Amino acid sequence: MLRLLIKCTIGAVFLLQSIHCEADPQLNLPPLAPPGIEGRRPVTFPNGDGSPTRVPLGVDSVVSGDGNSVYDRSRSERFGPPYDGDDEEEDERPNYPAQPQGRANNDYDRRAGPESPYSYNDRNTFGGGRDFDPSRNSNRERYPGDRSPNPAIPDVDNPQLYRDGGDRNRNRYVSDVENPLLYRDRTPYNPTRDDDNDRNRYNPNARPYNPNDPSFGGRNPDPNYREPGFRDPNYREQGFQDPNQRFPSDDPAYRDRNRFSDDPNYRDPYRNPEEERFRIENERRFRAETEKLRSFLAEIDRKSSLECSLNVAAQWNFETNINDATQVEALAAQQRYNDFQRLLWDQMRRIDQTKIFDDKLYRQVRLMSIIGPSALPPDQLDRYNRIVNDMLAIFNGAAICAYEQPFECGLRLQPHLKDIMAKSRDWNELQYTWLEWRRKSGRNMRDLFEQLVDLTNDAGRVNNFTDGAAYWTFPYESRNFREEMEQVWREILPLYEMIHAYVRRKLREFYGPDKINKNAPLPDHILGDMYGQSWQNILDIVIPYPGRSFLEVTPEMQKQGYNPLVMFQIAEEFFVSMNMSAMPPDFWASSILTQPPGRPILCQPSSWDFCTGKDYRVKMCTQVTHKDFITVHHELAHIQYFLNYRNNPKVFRDGANPGFHEAIGDAISLSVASPKHLQNLGLVQKSVDDTAHDINFLFSLAMEKVVFLPFALALEAWRYDVFSKRVRKEQYNCHWWLLREEYGGVKPPVLRSELDFDPGAKYHVAANIPYIK
């Protein structure tokens, strides 16, 4: 019997051991993740590719022979492909309660800083050192509210603690609405009950409510009554200073223009005598420095106006009487003015702009501290001017031979090539003229332009800009000027796309489908202009209503005896009718309205401000035509702008930005060119108030104004990219045509290469002057 009992005991022991032992795995499979973590993605620290993948909380780390966690061995099987901050990851974050400020709320807070591989909780855990060791200081002092039983794991990473509320009272956050025990002794609402009796039903011995009793929160009838502990909010102890306000500019008391009392014995009651003396001394010094700067800028303004007047007078004499003597005088005056600007720039650089609190004075100093290429050192400035002059010499000297007439040469851009591009409808002649002009002008100046880019960027840096693009966009005073231009263009783009599609269909019908693809960009050479920036010259092909021509009042003007003086007088009446100023007497005495006989002048219409506040002129070789009638109003709009800001300092006597002057002139031109205004002037005798005339008129304006926008935008975007080095010099021409196609849907007539330099065929590129205005 004993022997049988021993055998049974030994068998039971072996049976129990077999039950508690694990069998060797038959297949080398990674262990399964614990229940509840399927589908969770591993969280990776942001400190490089070598950082370990964080195993979800509650899973013991199992390390394989290669040193990596076995849970990372088959990421694609368990978690799918790696995710880079997609939107789905937010949905899978544990919904932990918000933690007090200053503590990490979850694992994602550790991604805030790329050099911070541990959170604020880790710093509290391991003593705040960057070289922390989890094995040290394990018996740390627990911070208030830490309910985690494991000191090495902060409570924010232990979601099990939130299952039953930890050591908190289970009913701590239960509202009385959710606790029916609180309503056990409450009676239902009765609208006819006595509120005064019901108000004290929990305290039968309470005094009856008196609305005039201050102890009940009522209003005491005595106006002089003050509650116990009342303190005047305007009272300040001696020496009091609000720590949230910085002396003196942020203190509201110092924003008052009349804060200085006329009484010399005035004392601020909020400061002690020492602080009051310090304030008075600072204010006295501030006033003295401000007045000194104001006087200095007034003297600078007087000298600037004088130098400007001398320079403008010399330029006027040259453009109204071109000869060698006037040219030498103009160059000398320009050099003198440049030297004055550089001297002024040197003086402005010595002024600490951070200590100028007057906005007007600060703006004057800021604007006079930017003089463009004139700030370059003398040797670089001389090189800059020489390169620009060489590029302009190439542009102005470019000439080609006529199409299929090799002995008829010397054709220049104006007037020969411009007239060919506007009137010819021969595809081959237009293509030949387009190619030859770019071969003779742009291609020859590419090397010079590459040097000019570096010098323009140097000029921008000398003026405290990052590059030439930042210097060119500074006058528009916008941090996102290019983005704003893009936004405006996106608003106009639907209209341009309709115009583009309509013109392409008309040209396809005219030249044939073998020349123009119905889905391809438009060839640049058949748009009636050397650069494709205006399509008005092809209106005879694309006009919507050919029988209803748009307005042309030239014959009527000649019939009624118009002359240049009458045209300017009518333009003056137009502005006076809007309560603007009449032209000063010197304007009529000094302006040149027609080409004088016997002397050559530059007939480009222009308005002149002689920087004196009273001398304004227009130079224009006016013809009695509809176009010149509109141009006269445009030029007088500039004069009106001159008159309106004539009392400002010299540095402010300019447009609000480089494009504002032209914007005012174009706005006036659009108003004057309207059929209704021309009919009111008696230049249109019959009614033109019908749909056909309106559409033709608006379409002709769009062919000049709307189609110009993508060309200007592409040209300026190209130069911004070149100045900012976003485009290498080996990609100049390719990038140019990419932008032309992107903005305007225009392509070159033949394949181009980097041996060409097509942007250089434009005057503004050769002269290196902005075009966006």
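This passage looks at the disulfides and the aromatic rings of a predicted model.

A search of the whole structure turns up 3 disulfides. A disulfide, for anyone new to the term, is a covalent bond between the sulfur atoms of two cysteines. One of them joins Cys308 to Cys611, with the sulfurs 1.9 Å apart. This pair ties together distant parts of the chain, 303 residues apart: Cys308 sits in helix α6, while Cys611 sits in the loop between β4 and β5. Both of these cysteines are buried.

Another disulfide links Cys603 and Cys621, at 2.1 Å from S to S. Its torsion about the S-S bond is about -70 degrees, so this disulfide is left-handed. Here Cys603 is partly exposed, at 31% relative accessible area, whereas Cys621 has just 12% and counts as buried because the cut-off for buried is under 20%. Then there is the bond between Cys401 and Cys409, again with an S to S distance of 1.9 Å. That link is right-handed, with 90 degrees about the S-S bond. With the bonded cysteines numbered in sequence order, the pairing reads 1-5, 2-3, 4-6.

On to the rings: the structure holds 35 aromatic pairs. Among them, Phe574 and Phe575 meet edge-to-face, 5.5 Å centre to centre and with 85 degrees between the planes. Both Phe574 and Phe575 are buried. Trp736 and Trp737 also form an edge-to-face pair, at 6.2 Å and 65 degrees. Ring pairs join these two tryptophans into a cluster with other residues, including Trp434, Tyr531 and Phe757.

Finally, Arg617 lies over the face of Trp316, 5.1 Å from the ring centre, and over the face of Phe610, at 4.0 Å.

Conventions: Residues are numbered from 1 along each chain as its sequence is written. This is a predicted model: local features need pLDDT of at least 70, side-chain atom pairs count only at pLDDT 80 or more; totals for chains, interfaces and linings use all residues. Side-chain values use heavy atoms; hydrogens and water are left out. Rings of Phe, Tyr and Trp (its six-membered ring) pair if their centres lie within 6.5 Å; planes under 30 degrees apart count as stacked, over 60 as edge-to-face and the rest as tilted. Buried means under 20% relative accessible area, exposed over 50%, partly exposed in between (1.4 Å probe, protein chains only). A charge sits over a ring if NZ of Lys or CZ of Arg is within 6 Å of the ring centre and within 35 degrees of the ring normal. A disulfide is a pair of cysteine sulfur atoms within 2.5 Å. Helices (H or I, at least four residues) and strands (E, at least two) are DSSP runs, numbered from the N terminus.
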